[in-house]
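Thank you all for coming this morning. Please take a moment with the sequence and the structure before I begin to talk you through them.

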Amino acid sequence: LSKPEKQGLVADDIRKEKGKAFDLLDALSRSGSLAVAHSELHVVVAMTHCFERDLMGTVIRDNVNPIEKLEGSTLLLASAVHGVSARELVCDANELRRLRMTMPRLLEG
């Protein structure tokens with residue numbers, strides 16, 4: 001895997017993005033004149049993975065299974081979003097055994 005990158009928002013960026021969200025809501029609801037009955041809020045979290053090489057290079061030259069890396073990050077993200085341990089998210093005992101072999105620290109306990 002390539003080196004992880006972390007990007008955060010400072011208070012000013014958060015204020016600007018919040019303003020953009022409210023501007024969009026204002027435009028969609030016609031400044032409040034259009035009722036928003038029976039609405040739901042969906043939050044989409046996007047995640048990307050970068051590998052040093054292309055897919056074949058990652059699998060063959062680096063001997064890395066990219067699917068295992070994706071499963072690990074997805075479990076880690078889902079654990080943070082739902083506020084439960086990654087182990088609690090895997091219901092199937094066979095899958096839990098398989099995943100424990102590739103990511104024991106994430107699924108310990």
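I will go through two helices, the loop that follows one of them, and then the charged pairs.

Before anything else, please keep in mind that what you see is a predicted model, so every value I mention was computed from that model.

Let me begin with helix α1, which runs over residues 11-28. With 18 residues at 1.5 Å a residue, α1 should span 26 Å, and because its end C-alpha atoms are indeed 26 Å apart, the expectation and the model agree. How many of the 18 residues of α1 are buried? The number is zero, so α1 lies largely in the open.

Two residues of α1 illustrate this. A21, which has its place in helix α1, counts as partly exposed, at 47% relative accessibility. A21 and E5 are 16 residues apart in sequence, and from C-alpha to C-alpha they are 25 Å apart in space. D12 is also in helix α1, and D12 is partly exposed as well, with a relative accessible area of 35%. If you look from D12 towards C50, which is 38 residues away along the chain, the two C-alpha atoms are separated by 29 Å.

When we leave α1, we come into the loop between α1 and α2, and here I would like you to find three residues. S29 sits in this loop, and S29 is buried, because its relative accessible area is 9% and the cut-off for buried is under 20%. Which residues is S29 in contact with, once its neighbours within four places in sequence are left aside? They are L34 and V36.

The second residue is R30, which follows α1 and has a positive phi, near 55°. Most residues other than glycine have a negative phi, and that is the background against which this value should be read. R30 is not a glycine, and yet its phi is positive. R30 also belongs to the loop between α1 and α2, and, in contrast to the buried S29, R30 is exposed, with a relative accessible area of 58%. The third residue is H38, again in the loop between α1 and α2, which likewise has a positive phi of about 55° although it is not a glycine. H38 is exposed, and its relative accessible area is 85%.

Now let us turn to helix α3, residues 66-82. Its 17 residues should span 24 Å at 1.5 Å a residue, and since the end C-alpha atoms are 24 Å apart, the two values agree. At the start of α3, a side-chain oxygen of N65 reaches to within 3.0 Å of the backbone nitrogen of I67, while after the helix comes G83, whose phi is positive, near 70°.

Whereas α1 has zero buried residues, in α3 we find P66, G72, S73, L75 and S79 buried. What covers these buried residues of α3? The cover includes α2, α4 and α5. Not every part of α3 is hidden, however, for V81 lies in this helix and counts as exposed, at 54% relative accessibility. Together with L41, V43 and V45, V81 forms a nonpolar patch on the surface, and the four have about 460 Å² of accessible area together.

Finally, the charged pairs. Side chains of opposite charge can pair when their charged atoms come close. The count in this model comes to six salt bridges, and I will show you three, including one in α1. There, K16 forms a salt bridge with D12, with the closest N and O atoms 3.4 Å apart, and these two residues are four places apart in the helix, which is about one turn. D12 has a further partner, since a polar contact of 2.4 Å joins its side chain to that of R15.

A second bridge is made by D62 and R53, whose side chains meet at 2.9 Å, N to O. In the third, E71 and R98 also meet at 2.9 Å, N to O. Because E71 lies in helix α3 and R98 in helix α5, this pair ties together parts that are 27 residues apart in sequence. Going back to α1 for a moment, salt bridges that share partners join D12, R15 and K16 into one network.

Key. Residues are numbered from 1 along each chain as its sequence is written. This is a predicted model: local features need pLDDT of at least 70, side-chain atom pairs count only at pLDDT 80 or more; totals for chains, interfaces and linings use all residues. Side-chain values use heavy atoms; hydrogens and water are left out. The expected span of a helix is 1.5 Å times one less than its number of residues. Buried means under 20% relative accessible area, exposed over 50%, partly exposed in between (1.4 Å probe, protein chains only). Contact means heavy atoms within 4.5 Å. A polar contact is a pair of N or O atoms within 3.5 Å; within protein, one must be able to donate a hydrogen and the other to accept it, and residues adjacent in sequence count only if both atoms are side-chain atoms. Patches are made of residues with over 30% relative accessible area and no salt bridge: like charges are joined within 9 Å, nonpolar side chains (Val, Leu, Ile, Met, Phe, Trp, Tyr) within 5 Å. Accessible areas come from the Shrake-Rupley method with a 1.4 Å probe; for residues, only the protein chains shown count as cover.
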